[in-house]
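User: I've just opened this model and want to test the labels people hang on it. Please set each value against its definition as we go.

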Amino acid sequence: MIRTLISAAVATIALSFPALAAVEIQDVTSDGGIHAWLVEEHSIPFTVIEIRFKGGSSLDAPGKRGAINLMTGLLEEGAGELDARAFAQAREELASSFGFDVYDDSLAISARFLTENRDEAIALLRSALVETRFDQDALDRVRGQIDSIIKGNAKDPGRIASSTFDALAFGDHPYASSRNGTLESIATLTRDDMFEARDRVMARDRLFVGAVGDITPAELGTVLDDLLKDLPETGADQVEEATFALEGGITVVPFATPQSVAVFGHEGIDRDDPDFFAAYVMNQVLGAGGFSSRLMEEVREKRGLTYGISTFLVPMDHAETVQGQVASGNATVAEAIEVVKAEWERMASEGVTDKELQNAKTYLTGAYPLRFDGNGPIANILVGMQAQGLPIDYIATRNDKVEAVTKEDVARVAKRLMDAEALHFVVVGEPEGLDSTN
Amino acid sequence: MHRVLAVFAFTVFGAFSSVSAEENTTTYTLDNGMEVLVLEDHRAPVVVQMVWYRAGAADEPPGVSGIAHFLEHLLFKGTDTLAPGELSKTVAANGGSDNAFTSWDYTAYFQRVAADRLELMMRMESDRMRNLRLGEEDIATERQVILEERNQRTDSDPGSLFGEQRRAAQYLNHPYGIPVIGWRHEMEQLSLQDALTFYERYYAPNNAILIVAGDVDPEEVKALADTYYGPLAPTEGLEPRKRPQEPPQLSERRMTYSDPRVSQPYVVRSYLAPQRKTGDQSDAASLVMLASLLGGSATTSVLAEKLQFEEQTALYTSAFYDGTSLDETSFGLVIVPNEGVTLEDAEAALDNAVAEFIETGVDAEQFARIKTQIRAGEIYARDDVESAARRYGTALTTGLTVQDVQDWSGDLMAVTEEDVIDAAKQIFQEKNAVTGWLTRQETKKMAQEVTQ
């Protein structure tokens with residue numbers, strides 16, 4: 001489910017609110033030509049920098065599935081003169097934190113450091129990016145950790161459900177398989193593969209940077225050049241669009257557990273579609289609104305069939321889906337699925353009421369400023385906006401686009417998007433009264 | 001590479017969760033006994049309201065395990081002026097988010113909204129403190145929801161079931177041995193009257209703490225609190241919280257939990273340990289430093305160095321200790337063995353590493369690095385007033401004061417290398433150990449027996 005959650009989070013960034021004059025974004029270009037968006041916040045002496053490389057684990061070379069994920073795990077495992085432990089000690093001495101994560105569409109680096117030792121922190125992080133050692137012992141150790149994760153995911157009902165859905169939906173596209181790779185595919189990865197994986201994804205032609213904190217534009221320019229100018233200019237080509245190949249139906253994956261987990265979905269809507277905001281508001285009413293959503297009301301509050309149910313718009317770089325997830329006892333999951341289908345149908349045929357529309361809009365416009373609640377969250381928003389190709393003044397204008405959504409817009413997009421017959425449910429557990437279709 | 005091991009999320013709670021001395025706090029008490037704490041942060045027009053009750057799962061009467069948590073769910077049903085679900089819907093319609101959480105020592109409710117909506121939040125939160133209206137139908141449906149919650153969080157996860165069993169073995173007499181969610185057979189019987197009895201006794205202004213954090217003026221908060229919480233009647237005769245305490249442990253306890261859904265076996269060993277006490281947090285501070293030294297970092301800790309890097313017996317190691325607890329807490333060690341290493345050998349390697357640590361003493365450089373991070377933690381903490389609010393809430397419902405919270409960072413910095421070794425000698429005694437093995441059960445039929 002990581003893919004789904006991440007993408008959902010990215011989508012939420014696309015909303016706006018009026019009171020953001022306080023967050024003044026500056027477009028900074030370093031002497032070396034590297035761009036970043038910056039919000040200065042000098043009241044606390046530290047800075048957060050968020051870096052994204054577009055492409056992420058989808059850029060694995062043929063036959064090397066899992067290489068970019070393993071490489072990402074090794075970025076903090078030794079660089080320059082420092083082995084894994086010495087690198088960690090150096091970072092702790094500075095009280096900095098560095099995060100290295102990879103997703104289907106991006107590789108993410110997060111850094112938090114104090115003003116008092118900024119230069120040392122940046123020098124250390126730079127060494128992780130361009131002087132990575134990829135020592136064989138570290139490679140073997142981290143590969144052992146990933147082996148353990150792969151085995152754990154194979155026993156986790158939620159993971160099994162989402163990976164089965166992806167495999168069925170996306171054919172031979174990278175989205176169809178786990179970014180972890182398989183036990184077999186990572187067993188043969190070498191040090192050389194790690195250098196190649198790094199150079200495929202960590203290049204300057206796919207780079208986005210957001211920074212927030214106790215740093216001036218000039219200081220940030222220096223940091224950007226110190227940190228990133230030695231990266232290669234280009235990397236691997238981005239992958240092709242994925243074809244969504246899954247038809248409506250049910251796939252049961254037998255698994256001995258008292259509660260079934262169902263992941264469901266069908267094709268979705270592009271982030272750039274003129275009706276994306278209408279779809280976004282619709283999804284808020286349907287299943288993204290927590291206790292206010294129709295599905296939560298029908299499945300949990302009225303019938304007590306689940307602890308939680310939610311739906312997501314998942315606009316990825318090369319495919320779009322609408323997805324949802326619910327967990328319910330083996331005896332009741334079939335009923336929960338019937339309710340989901342009925343609600344899907346109701347949304348397609350009836351759209352939303354005036355009151356639902358107004359509540360969703362009030363929530364979405366009001367909730368946005370609450371996201372700007374710290375240097376880290378703001379830096380994340382800045383880098384997310386750039387990765388989506390949004391303009392720098394987007395935040396101030398975007399509220400109007402939510403407000404502009406009408407009941408007719410929602411009805412139109414619901415009719416076009418929501419298709420109960422096309423919904424495919426992957427159910428992991430021992431569900432009573434459910435069998436796989438076809 | 002630490003994100004790998006989220007599966008084994010044993011953390012050193014509160015290790016670096018200090019607050020800054022510069023933090024802007026105001027406290028007062030309403031006439032009906034309700035305590036109020038205001039934390040100011042004017043950087044964004046946002047406010048968090050929290051109401052913390054000094055009542056949690058460990059305050060439940062025998063036989064109704066899970067009632068504190070069940071009641072937490074039921075608080076989202078109606079009052080005379082709020083329809084069922086209306087509170088959350090109103091929060092959402094104002095752009096906010098709300099939720100609640102229950103632990104052994106507290107139950108807390110919170111909303112996060114634009115700062116100018118605080119009054120509306122107070123009106124609703126104060127209403128449900130005393131005026132909840134519940135019917136039998138609410139009980140039947142919501143009981144199904146908490147059973148599904150137990151399914152999802154506990155019964156579907158062998159690691160959670162193992163943790164539940166270990167906790168039960170750790171506490172012979174104290175209700176900390178009972179899971180917050182409740183034992184299934186007791187959850188199935190929870191009644192309307194059980195919920196109302198708990199509610200009427202504990203949900204009262206003289207048993208609650210209001211915390212308001214964010215872009216607010218303390219004087220205005222006080223006026224609002226007087227208006228909305230001030231008129232609520234206190235519960236008369238509320239006694240100090242006295243739970244059954246643990247007897248001295250005289251014999252090591254060992255257990256094995258097997259489940260076919262286990263992909264990665266591991267060993268957890270825990271010991272009863274003292275908690276933070278008001279005006280006297282030094283023992284707990286030593287234990288936080290001990291946990292940090294042994295297992296606070298996936299790369300540089302004593303256990304990681306020895307077992308993951310040198311001997312390579314472990315895939316992962318950790319040490320955990322949460323000192324913010326009303327009664328005696330626990331200190332634990334974790335080892336996840338590498339492929340091909342038995343649990344028996346892993347446990348022996350863990351023992352050796354701890355013994356060697358006590359023998360050789362604290363590495364001065366490692367100790368200094370941890371203290372550097374504590375100091376830096378005070379700077380970073382100023383960026384997150386909501387976390388600060390949670391730290392105060394947890395402390396104030398576990399017998400600590402605002403002063404204790406503000407002293408905590410200093411108490412951690414005052415710990416010496418000798419204090420740490422003394423604490424280790426005190427804690428790590430074989431007769432006090434509760435050792436659990438999580439193993440993979442290969443036959444399929446067994447799964448039903450252990451999870452139903």
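Analyst: A:Phe134 sits in the loop between helix H4 (118–130) and helix H5 (136–153) of chain A. Helices (H or I, at least four residues) and strands (E, at least two) are DSSP runs, numbered from the N terminus. Keep in mind that this is a predicted model: local features need pLDDT of at least 70 and side-chain atom pairs count only at pLDDT 80 or more, while totals for chains, interfaces and linings use all residues. Residues are numbered from 1 along each chain as its sequence is written, and chains are lettered from A and ligands numbered from 1 in the order in which they are written.

User: Why is A:Phe134 called buried?

Analyst: Buried takes 20 or more other C-beta atoms within 10 Å of a residue's own (12 or fewer is exposed, anything in between is partly exposed, and C-beta atoms are placed from the backbone). A:Phe134 has 22, so buried it is.

User: What is the phi of A:Phe134?

Analyst: Near 50°, which is positive in a residue other than glycine. Most residues other than glycine have a negative phi. A:Ala95 is another case, with phi near 55°. A:Ala95 lies in the loop between helix H3 (84–94) and strand S6 (97–102) of chain A.

User: How do you know whether A:Ala95 is buried or exposed?

Analyst: Count its C-beta neighbours: there are 25 inside 10 Å, so A:Ala95 counts as buried.

User: What makes strands S3 and S8 of chain A a pair?

Analyst: Two strands pair if DSSP finds at least two bridges between them. S3 (residues 46–54) and S8 (residues 207–213) of chain A have seven bridges and run antiparallel. Along that pairing, A:Ile51 stands opposite A:Val209, and A:Phe53 stands opposite A:Leu207.

User: How do S2 and S8 of chain A pair: parallel or antiparallel?

Analyst: Parallel, over four bridges, with S2 covering residues 35–40. A:Leu38, for instance, has A:Ala211 as its bridge partner in S8(A). The wider sheet is open and has six strands in the order S1-S2-S8-S3-S7-S6 (chain A), with mixed pairing.

User: Why are S1 and S6 of chain A called edge strands?

Analyst: S1 (26–29) and S6 of chain A each pair on one side only. From one strand to the next, the twist averages 20°.

User: Why is S8(A) called largely enclosed?

Analyst: Seven of its seven residues are buried, so the rest of the structure largely encloses S8(A). Both faces are covered: A:Leu207, A:Val209, A:Ala211 and A:Gly213 are buried on one side, and A:Phe208, A:Gly210 and A:Val212 on the other.

User: Which residues of chain A's H4 and sheet meet, in terms of strands?

Analyst: H4(A) lies across S3, S6 and S7 of chain A, at about 155° to S7(A). Angles like this run from 0 to 180 degrees between N-to-C directions, with axes being lines fitted to C-alpha atoms, for helices over the stretch in contact.

User: How many residues of chain A are in contact with chain B?

Analyst: Contact means C-beta atoms, placed from the backbone, within 7 Å. By that test 56 residues of chain A are in contact with 53 residues of chain B. On the chain A side, H3, H5, helix H11 (294–302), strand S12 (320–329) and helix H13 (354–370) each supply at least two residues.

User: Why is chain B called as compact as a globular protein of its length?

Analyst: The globule rule is 2.2 Å times the number of residues to the power 0.38, and the radius of gyration is taken over C-alpha atoms. For 452 residues the rule gives 22 Å, and chain B comes out close at 23 Å, so the label fits. Buried residues make up 53% of the chain. The C-alpha trace spans about 65 × 55 × 40 Å along its principal axes.

User: What makes helix H1 of chain B mostly covered?

Analyst: Seven of the eight residues of H1(B) (residues 67–74) are buried, among them B:Phe70 and B:Leu71. The buried ones pack against strand S4 (97–102), strand S5 (107–114), helix H4 (136–155) and helix H7 (192–202) of chain B.

Conventions
Two residues are in contact if their C-beta atoms, placed from the backbone, lie within 7 Å.
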